[in-house]
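Biologist: I am new to reading protein structures. Could you walk me through this one, feature by feature?

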Amino acid sequence: MAFRYQVPGVYYEPRPRAPEAPAVRTDVAGFIGFEPRVRDGSTPSELLGTPPVGHAFRVDVAGFQLELGGAREVVPAAVDLVVSQDLASIPMLAGGSVSFALVAARPPGGGVVLLVVPGEASPLPAAPAPSDEQVEDAVRGRFGAKRPLARIADLLYIRSGGGDVVRPTVIPRLPPTRCDEWRDYLLYFGAPVEDGTVLAHAVRAFFANGGRRCFVQTVRRPRFEDGMGLAAALADFVGVLGSSEAEATGLERLLLVEQVSVVDAPDLHARRAVAPAPFTLPPRELEADFRRCGPPRASGPAVAASTVALLDPLYDEADVLSAQRAMMVRVAPERWRALLLLAAPLELDTSDGKWHGPSAQRAEAWRRSFDGVVGDLEMACAAMYHPWALVQEVLGGPTLELPPTPLAAGVIARRDLARGPHVAPANETLQGVVGLSRPVDDAVNAVLYDSPLHINVLRAFPGFGVQLWGARTLSPDFWLRFLNVRRSISAIERRVALLLRSIVFEPNTPFLWLQVSQLLSSVLLPLFESGALRGDSPDEAFYVRCDGTINRPEQLENGRLVCEVGVAVAAPSEFIVFRVGRRDGVVEVTE
């Protein structure tokens, strides 16, 4: 607060004795799913003629908002936007491809205009997209001057080896989108379309159950009958280790967002969807009575169904398992960085021939598939939930079968915001859930949760509704198997790492050791006072040691500073120890 002194006198101005510690959020979730803003046209892209002699490439663009030139602008919705069309030519050879850039630009008169910038064709099925310089030149050529623009997506069209089919793929180019409520998702991604994807429903369930912020990272969207495109999208869910912000996809891109501490990939469970065929209403009879009805008639207006029928999953069990295992391997080296939420995929019910949430036996087998993927301590990077939930988003609306992971992410955020990460995210009633795909009783609970499987279950209790009834990680370690212990240590290490950035490059002297000890104590003491640490006194709850006994001369010569911190997580004098150090200008946090 600023004070203005206008007359002579004695004034008192309160000043903090020490700068306030930077806030570190541990409740923020990240979701990965198929790109919903741009998709293949309502009139599908195709090659024309038999044999093909022409082409018509189209896309549908949802109406959504984005940041353009420092201001929020509305991208107009477009149905069957022409990307490229010619009745007598095809822009690529059989087996080849061509790429376009879909760009939103602000014309001199204001508003937003959608532009398509063509790239060069390639004889290979991976044509390079237009460069940023080509996009800027195209916008400058359209408006005569440089204008604010945003590259929404790259549109890749691949001509199959036979030469008669084109396979379109939408590759998003916008960064992860921050949503602080469900309406933000509607603004930034447009109204959800019932196409079998789970992303929109997952984000809505997260906010309905207590979430207050999430980041949504989208991956490429092929046609869902395109097997090669789906395989490329599956790789994008994980991403490539070490990619830059411009090239990273899926999980790899979310890990570049410091706030994200919980990760879920709901669209690994996406399904194929078909709209039911329109049906015909009988004519309205003018002389209705109770006589026997005659033969059915086929007259009357055609009426289309308002919902879609969900068929088999896009990805089979092997694909989902390989993606989840790859994500676990990626997160494990920095297990304090993010928590990966897992669920078993849908299971075919032989009794009715339909796909439903997995059974307890299926969940048990799925959990055992992760044994040995990473070490026992690294298994604390993931938590698994069962069964799937029946969700009703609108009163009287359809009932959806949803994986439990976004609901769990919402409960984690709810408990974190209300009481802190040291409180177990369980024993909370789930909002919007009207039932479970598979019932869970005490016997099933004992098998899945109390055994070494550590699967967190959802249970229905009369008078309470459906509750999240478990808070364990997949780690068999006695301490790290508890989700609140793992998240408490994660929160402490993240806060410490952020706080110590202010002293990087300071002279490595005993004065610096004292300063580090004070900074760490300023983090741990409030946690002890809030009940996050055990013990009757701070000495029993934690210790901080940064002195000459652990900072040897050889470490000082290498520019390293080590501070040892012990935290009591269960009982006095029992500690999990990790080290905070400095090497070559970088704060390191290791166990």
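Modeller: Gladly, and let us begin with burial: a residue is buried under 20% relative accessible area, exposed over 50%, and partly exposed in between, using a 1.4 Å probe and protein chains only. Helices (H or I, at least four residues) and strands (E, at least two) are DSSP runs, numbered from the N terminus. This is a predicted model, where local features need pLDDT of at least 70 and side-chain atom pairs count only at pLDDT 80 or more, while totals for chains, interfaces and linings use all residues. Residues are numbered from 1 along each chain as its sequence is written, and side-chain values use heavy atoms, leaving out hydrogens and water.

Biologist: How many helices and strands does the chain have, and what share of its residues is buried?

Modeller: There are 13 helices and 33 strands. Of the 591 residues in the chain, 50% are buried.

Biologist: Why is helix α3 described as largely enclosed by the rest of the structure?

Modeller: Helix α3 spans residues 199-208, and eight of its ten residues are buried, so the rest of the structure largely encloses it. Those buried residues are L199, A200, H201, A202, V203, A205, F206 and F207. To say what covers them we need contact, which means heavy atoms within 4.5 Å. The cover includes strands β1, β12 (177-179), β13 (214-219) and β25 (400-402), along with helices α2 (182-189) and α8 (405-418). Just after α3, G210 takes a positive phi of about 115 degrees.

Biologist: Which residues outside its own stretch of sequence does F189 touch?

Modeller: F189 lies in helix α2 and counts as buried, at 2% relative accessibility. Leaving aside neighbours within four places in sequence, F189 is in contact with P36, R37, A62, F64, T177, C179, V216 and T218. F189 and Q65 show how a chain folds back: they are 124 residues apart in sequence, with their C-alpha atoms 7.5 Å apart in space. For the chain, among contacts between residues at least 6 apart in sequence, 65% join residues at least 24 apart.

Biologist: How do I read a pair of aromatic rings?

Modeller: Rings of Phe, Tyr and Trp (its six-membered ring) pair if their centres lie within 6.5 Å; planes under 30 degrees apart count as stacked, over 60 as edge-to-face and the rest as tilted. By this rule the count comes to 13 aromatic pairs. In one of them, the ring centres of F34 and F237 are 5.6 Å apart and the planes stand at 90 degrees, so this pair is edge-to-face. F34 belongs to strand β1 (residues 28-34) and F237 to helix α4 (residues 227-238), so the pair ties together parts 203 residues apart in sequence. Both F34 and F237 are buried. Ring pairs also link F34, F224, F237 and Y315 into a cluster.

Biologist: And how does a charge sit over a ring?

Modeller: The test is that NZ of Lys or CZ of Arg is within 6 Å of the ring centre and within 35 degrees of the ring normal. R37 lies over the face of F64, 5.8 Å from the ring centre. R472 does so over Y449, at 4.5 Å from the ring centre.

Biologist: Next, how do I describe two helices that pack together?

Modeller: Axes are lines fitted to C-alpha atoms, for helices over the stretch in contact, and angles run from 0 to 180 degrees between N-to-C directions. Angles under 35 degrees count as roughly parallel, over 145 as roughly antiparallel, 65 to 115 as roughly perpendicular and the rest as oblique. Helix α10 (residues 483-499) and helix α11 (residues 510-529) pack at about 150 degrees, with axes 10 Å apart, and are therefore roughly antiparallel. In this packing, I492, R495, V496 and L499 of α10 meet L519, L520, S522, V523, L524 and L527 of α11.

Biologist: What is the general idea behind the spacing of residues along such a helix?

Modeller: An α-helix has 3.6 residues a turn, so residues three or four places apart point the same way.

Biologist: At what angle do the axes of α4 and α6 cross?

Modeller: The axes of α4 and helix α6 (residues 317-331) cross at roughly 25 degrees and come within 9 Å. That makes α4 roughly parallel to α6. L234, F237 and V238 of α4 make the contact with D319, S322, A323, A326 and M327 of α6.
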